[in-house]
Amino acid sequence: MTRLLLVEDSQDVRETLAYLLTREGYEVRTAADGGKALDEFEDYPPDIILLDLMIPEISGIDVCRTIRRTSDVPIIILTAKVGEANVVVGLESGADDYVTKPFSTPELLARLRSVLRRHRAAEPETTSLATPGLEMDVERHRVYVDGRKIDMPLREFELLELLMRNVGRVLTRRQIIERVWGSDYFGDTKTLDVHVRRLRAKIEVDPDRPKRLITVRGLGYRLEE
């Protein structure tokens with residue numbers, strides 16, 4: 001799930017947006033002021049931020065500038081001010097895009113998808129992945145479990161790569177199938193269960209009591225950090 005930090009001082013707007021975004025599949029954290037926003041950013045590194053400019057304690061502009069000192073996380077500013085100067089200041093402070101209030105839900109969702117798509121396309125693809133006890137060399141198609149090289153068929157390799165690129169996050173069964181088998185796959189989802197069992201047999205000390213590849217009931221799977 002995409003982690004989203006929503007910074008908005010209006011409780012009604014904050015709760016409404018959080019509900020809508022959660023329903024759209026985002027994992028949402030909220031903050032009502034600039035200080036809490038920076039705390040949440042440190043405690044819960046988000047994939048994208050929706051940031052109201054007019055917030056108490058620390059302004060949205062200063063929050064944006066502070067975050068930009070250490071992170072290139074996408075930021076979309078929310079502003080009730082329609083003046084061009086306010087938008088320019090926000091963008092020059094490091095924001096990637098803006099939405100002017102009042103806005104429609106479809107417009108906001110489209111902006112979120114667009115900014116995320118641009119950001120992810122610009123990210124270099126990491127070819128070496130590692131979590132405790134697991135190492136993967138994507139280019140050479142090699143996997144090491146507790147220092148031992150493990151042979152792995154392509155589908156299992158792709159499944160493990162997806163999980164390692166999203167370590168600590170829950171991936172739904174549908175997300176995994178679409179990423180590994182393709183969005184046009186219409187086969188039995190039990191295929192995924194078979195590959196998970198085979199993968200566990202290779203990366204777990206006890207496949208019947210998995211400690212690395214965890215089933216999240218009703219959702220999907222998570223590779224532990």
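I began with burial across the chain, and I noted that buried residues account for 44% of its 225 residues. I keep in mind throughout that I am reading a predicted model.

**Whole chain.** I counted 8 helices and 12 strands in the chain, and I found that its C-alpha atoms fill a box of roughly 60 × 35 × 30 Å when taken along the principal axes. For the accessible surface of the chain I wrote down about 12500 Å², with 47% of that area belonging to carbon and sulfur atoms. Turning to contacts between residues at least 6 apart in sequence, I saw that 55% join residues at least 24 apart. On charge, I listed 35 positive and 40 negative side chains, and I noted that the centres of these two sets lie 6 Å apart.

**Helix H3.** I looked next at residues 60-68, which form helix H3, and found Gly60, Ile61, Val63, Cys64 and Ile67 buried. Looking down the axis of H3, I saw that these buried residues fall within an arc of 165°, so they line one face of the helix.

**Threonine 100.** I located threonine 100 in strand E5, which covers residues 97-100. Its relative accessibility is 23%, and because buried means under 20% and exposed over 50%, I entered threonine 100 as partly exposed. I also checked its position against leucine 78, which is 22 residues away along the chain, and the C-alpha atoms of the two are separated by 6.0 Å.

**Strands E6 and E7.** I then followed strand E6, residues 128-131, where Leu129 and Thr131 make up the covered face, while Ser128 and Ala130 make up the uncovered one. E6 runs antiparallel to strand E7, residues 134-137, and I counted 4 bridges joining the two. Within this pairing I found threonine 131 opposite leucine 134 of E7. The hairpin has 2 residues between the strands, and I noted that glycine 133 takes a positive phi near 85° there.

**Strands E10, E11 and E12.** I finished with strand E12, residues 220-223, which is joined by 3 bridges to strand E10, residues 170-172, in an antiparallel arrangement. Here I saw leucine 171 standing opposite tyrosine 221 of E12. E12 also runs antiparallel to strand E11, residues 213-216, and I counted 4 bridges between E11 and E12. For this second pairing I recorded leucine 213 opposite leucine 223 of E12. The hairpin of E11 and E12 has 3 residues between its strands, and in it I found glycine 218 with a positive phi near 80°.

Methods: Residues are numbered from 1 along each chain as its sequence is written. This is a predicted model: local features need pLDDT of at least 70, side-chain atom pairs count only at pLDDT 80 or more; totals for chains, interfaces and linings use all residues. Side-chain values use heavy atoms; hydrogens and water are left out. Buried means under 20% relative accessible area, exposed over 50%, partly exposed in between (1.4 Å probe, protein chains only). Two strands pair if DSSP finds at least two bridges between them. Contact means heavy atoms within 4.5 Å. Accessible areas come from the Shrake-Rupley method with a 1.4 Å probe; for residues, only the protein chains shown count as cover. Lys and Arg count as positive and Asp and Glu as negative; His and the chain ends are not counted. The place of a charge is taken as NZ of Lys, CZ of Arg, CG of Asp or CD of Glu. The arc is that of the directions from the helix axis to the C-beta atoms.
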